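Colleague: Please pick one buried spot in this model and walk me through it closely. After that, carry on outward to the helix packing, the cores and any odd backbone, and keep it informal.

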Amino acid sequence: MIPYGFQDITIQDIDAVTAVLKSNFLTQGPVIPSFEKAITNKCKVNYAVAVNSATSALHLACLALGLGKDDVLWTTPITFVASANCALYCGATVDFVDIDAKTYNLCPEKLEKKLELVSTSGGKLPAVVVPVHLSGQSCNMEKLHTLSVRYGFKIIEDASHAIGAKYKNKPVGNCQYSDITVFSFHPVKIITTGEGGVAVTNDKKLADKMRLLRSHGITRDPELMTHEPHGPWYYQQTDLGFNYRMTDIQAALGLSQLERLDKYIDKRQSLASQYDKLLAELPVTRPYQHPDSYSSYHLYIIRLQPDKTRASHPKVFSFLRKQGIGVNLHYIPVHTQPYYQQAGFSYGDFPEAEKYYTEAISLPLFPKIKPEEQTYIVNTLKQVLST
Ligand SMILES: *Cc1c(COP(=O)(O)O)cnc(C)c1O
């Protein structure tokens, strides 16, 4: 099976990890701050807090922004469930904004309309909005930022797909238009630490808070304590935190992978344009690229055109899988998950997302995919579409 995504591990990565295994620190030692520094340099942002997953980073980001029991978080239905679940961890509730028909990202115009409607009807405006840069294409952050100022909400960018991507020629993660940005280092993502994630921000208070919460809410810094330390052994719990720490083993892998980030993005861009060429004659919609965005191409998502093909979406999908092509579907609209249906959402709530779900297919894309594999994938697709 050609997988839809796959990690790239080099001898250099293995050596970096082995060096940590032979050192004195396995978890949260000296490599964590080096990795965090490298992330801030890459993203042109002030602070980075490395954690054990992007899910943890989203949770900490929500807590740092003060999201709580009476609050609402808005996100897109076309995302991984973690972008919504983070609100529920904090006791807040979730609502969604339908997607844009071209980019499949949270639609800024629909967001604006919904904000207007909620504010004029005396409803509860969101405390936090989580735009997700689907497949590595940035949302319209400038517009979202303008709305955040007008309606007083905070922004967490879920950039799990988008490390190395650019928006208006600047790195995603510089937080010019948001409070916090999170990245994922799961093995299918652009770079990996096995499991891992990071939250970046330009706000020192938010960074300090997330750093405190990632390790039980415990500090060893006398500056942050409520009174003088009892002695050199002393630490103080000032908040209720978690164990969301990344290990040095993971950070070493991440640091080593990060050196190849630009190469990975170049490669993914050229693989995507190869797909663009190969697919040009087929009755499918290729990924639209907004001129403000330079995508990291975590995913290459096509859409079937039901009016131009007889083969149904499930049939095309199953046929490709049977032919050894590990296609995938990103994502099942979150509001249609049973857990969210219990919370009151129904089919029909977000029609653009639901339509997308009946047409979308992620084709395999990873740095080591071979040209003949791409050709095979497209030929197989062509075959099933003509039946
Ligand atoms: C992968 C992913 C996450 C979760 O990342 P983990 O590091 O696996 O916790 C969250 N949001 C999106 C959009 C993702 O793709």
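**A close look at C43, and outward from there**

Modeller: Let's start with C43, which is buried, with a relative accessible area of 2%. That counts as buried because the cut-off is under 20%. Bear in mind throughout that this is a predicted model. C43 sits in helix α2, which covers residues 31–43. Which residues does C43 touch, once neighbours within four places in sequence are left aside? They are P171, V172, G173, N174 and F183. There is also a long-range pairing to look at: T201 is 158 residues away from C43 in sequence, yet their C-alpha atoms are 10.0 Å apart in space.

Now follow α2 itself. Its packing partner here is helix α8 (residues 248–258), and the two axes come within 8 Å and cross at roughly 30°. Angles under 35 degrees count as roughly parallel, so α2 and α8 are roughly parallel to each other. The handedness of that crossing is left-handed. On the α2 side, the contact uses V31, I32, S34, F35, A38, I39 and K42, and these meet D248, A251, A252, G254, L255 and L258 of α8. Sorted by class, that contact has nine nonpolar, two polar and two charged residues.

S34, one of the α2 residues in that contact, gives us a way over to Y151. Along the chain, S34 and Y151 are 117 residues apart, and 38 Å separates their C-alpha atoms. Y151 belongs to helix α6, residues 141–151. Is Y151 buried or exposed? Its relative accessibility is 16%, so Y151 counts as buried. Beyond its neighbours within four places in sequence, Y151 makes contact with L115, E116, S119 and L125.

Next, the cores. The largest nonpolar core has 75 residues, and I156, Y275, L279, Y300, V316, L363 and L381 are the ones with the most contacts inside it. Helix α3 gives the most to this core, contributing six residues. Apart from that core lies another one, of 46 residues, and its members include I32, A38, L147 and I190. You've already met I32 and A38 in the contact of α2 with α8.

Back to L381, one of the well-connected residues of the largest core. With neighbours within four places set aside, the contacts of L381 are L279, L282, V284, I302, V316 and L320. L381 also shows up where helix α9 meets helix α13. Those two helices, residues 261–279 and 371–385, pack at an angle of about 35° with their axes 10 Å apart. The crossing of α9 and α13 is right-handed. From α9, the contact takes L271, Q274, Y275, L278 and L279; from α13, it takes Q374, T375, I377, V378 and L381. By class, these residues divide into seven nonpolar, three polar and no charged.

Helix α3 (residues 54–64) deserves its own look, packed against helix α7 (residues 204–214) at about 125° with the axes 9 Å apart. α3 and α7 are therefore oblique to each other. Their crossing is right-handed. L60, A61, L63 and A64 do the touching from α3, while L206, K209, M210, L213 and R214 do it from α7. The contact of α3 with α7 counts seven nonpolar, no polar and two charged residues.

Finally, the backbone oddities. Where does Y104 sit? Y104 is in the loop between β3 (93–96) and α5 (108–120). The phi of Y104 is near 70°, a positive value in a residue other than glycine. Y104 is buried, at a relative accessible area of 5%. K168 has a positive phi too, near 50°, and K168 likewise is not a glycine. You'll find K168 in the loop between β6 (166–167) and β7 (170–171). With a relative accessibility of 35%, K168 counts as partly exposed. One more to check by eye is the peptide bond joining H330 and Y331, which is cis, with omega at about 10°. Y331 lies in the loop between α10 (313–322) and α11 (338–342).

How values were computed: Residues numbered from 1 in each chain as written. Predicted model: local features only at pLDDT ≥ 70, side-chain atom pairs only at ≥ 80, totals over all residues. Heavy atoms only, no water. Axes fitted to C-alpha atoms, helices over the stretch in contact; angles between N-to-C directions. Helix = DSSP H or I, 4+ residues; strand = E, 2+ residues; numbered from the N terminus. Parallel < 35°, antiparallel > 145°, perpendicular 65-115°, else oblique. Left-handed = near helix turned anticlockwise from the far one by under 90°. Contact = heavy atoms within 4.5 Å. Nonpolar A, V, L, I, M, F, W, Y, C, P; charged D, E, K, R; others polar. Core = buried A, V, L, I, M, F, W, Y, C linked by side-chain atoms within 4.5 Å. Buried < 20%, exposed > 50% of the residue type's maximum accessible area, 1.4 Å probe, protein only.
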